[in-house]
Every structure is written in C-alpha cells, then in structure tokens.
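Here are my notes for your first read-through. Keep the viewer open and find each spot as we go.

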Amino acid sequence: MNLACYLQWAGLVHGAIAPENVLVRPERHSLVLVGGWGFSVKSGERPVALPRRTLEMAPCMGVKGQVADHALDLDLVRATGRELLGHSAGGGIRMDREVPGPMADWLLAASDGDAVSEYGEWTRVLEASFGPRKFVPMGMVPTDVYS
C-alpha cells in the first residue's frame, strides 16, 4: 500500500503489481517493486499493453479507449495479497482459519480508488487482524526466501 501511495503521488499507474514483480526484504518487513515497469503509464493514459493477469482481473482495460487510473493498481495490490495467501480467485479466503476476518474482507473488497485512504484502511485492517502495530522480527533474510 505504501508503494501504491507513491505511485499515486507520482501520477503513475504500474499496471503489473504481482507476486513475480516484487522482492521481499523480510528483515525490514519491506518490499521493492522490481518488475513490470514496462506496463506503467501516467494516470489517465491508455497502456500500450498489460499482462494477461491484469486484463483478466480488469477486463474493462481491454476496451478501446479505456485509460488507466490508480484503482487498477489498488485492485492489483489486493489480488496479490490473495495470491500470496493461496486464494487467487478469492474463493475460500473467508473460510481459511489462517487469514483473519478483517484481512479477508479487505482483500475481497473493491477499492475506493484513492491510495492514501486505502493505506489508512489497510492500517486499520492490520490492527483489527493482529492487534496494535509492533515490529516482530521474522528471523529471515532474503536468501531464506530467494535461495
């Protein structure tokens, strides 16, 4: 969500936020958006191309003249979260005892199109799901994830 806020501030729509385009830095609880930049456009512009996953999730982007806006990236963030939890289509995520209810609800909800307000909602979801914010060491380094 932090990256989505940056993209909105920069006036960009990435269009390809997906598990294969992010690298996780577990010791800092952070990630880097490393791939898919060839699909990015300024908000309000028409992408030349988009990945199949994006078009399947947002078929309206296949309509001639349709332009990209920040809601697309916000929907891709949610889709990525569902995929990382093993529920790419969303089915069954509410039944998964490993996924807290508020998080499942947020991952299935539609975006309001504003990354800043969504970031605030994401913060509330994290607290409702796991309690007050605190840094919990993961005991991992990048080579544990990407060896």
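1. Let's start with a small one: which residue takes a positive phi just after α1? That's G11, with a phi of about 75°. Keep in mind that you're looking at a predicted model.

2. Now go back along α1 itself, residues 2-10. Its buried residues are A4, C5, L7 and Q8. Looking down the axis of α1, you'll see that they fall within an arc of 160°, so they line one face of the helix. Turn to the other side of α1 and you'll meet N2 and W9, which are exposed. As for what covers the buried residues of α1, the list includes β1 (12-13), β3, α3 and α5.

3. Try the same exercise on α4, residues 101-108. Here M103, A104, W106 and L107 are the buried ones. Their arc around the axis is only 165°, which puts them on the same side of α4. Among the elements covering them are α3 (70-84) and α5 (115-130).

4. Next, the inside. The largest nonpolar core has 26 residues. If you want to know who has the most contacts within this core, pick out I17, M61, L72, V77, M103 and W106. Helices α1, α3, α4 and α5 each give the core at least two residues.

5. I17 deserves a click of its own. Skip anything up to four places away in sequence, and I17 still touches L7, L33, R53, D73, L76, V77 and T80. You've already met L7 as a buried residue of α1, and V77 as one of the residues with the most contacts inside the core.

6. Is T54 buried or exposed? This residue of helix α2 (residues 52-57) has a relative accessible area of 0%, and buried means under 20%, so T54 counts as buried. Beyond its neighbours within four places in sequence, T54 is in contact with G15, A16, L72 and L76.

7. Finally, look at the outside. L3, L23, V24, L31, V32, V34, M138, M140, V145 and Y146 make up a nonpolar patch on the surface, and together they have about 790 Å² of accessible area. At least two patch residues come from each of β2 (22-25), β3 (30-33) and α6 (142-146). Y146, found in α6, has 39% relative accessibility; that lies between the 20% and 50% cut-offs, so Y146 is partly exposed.

How values were computed:
Residues numbered from 1 in each chain as written. Predicted model: local features only at pLDDT ≥ 70, side-chain atom pairs only at ≥ 80, totals over all residues. Heavy atoms only, no water. Patch = residues over 30% accessible without salt bridge, like charges linked within 9 Å, V, L, I, M, F, W, Y side chains within 5 Å. Areas by Shrake-Rupley, 256 points an atom, 1.4 Å probe, with all protein chains shown as cover. Salt bridge = Lys/Arg side-chain N within 4 Å of Asp/Glu carboxyl O. Helix = DSSP H or I, 4+ residues; strand = E, 2+ residues; numbered from the N terminus. Buried < 20%, exposed > 50% of the residue type's maximum accessible area, 1.4 Å probe, protein only. Contact = heavy atoms within 4.5 Å. Arc of directions from axis to C-beta. Core = buried A, V, L, I, M, F, W, Y, C linked by side-chain atoms within 4.5 Å.
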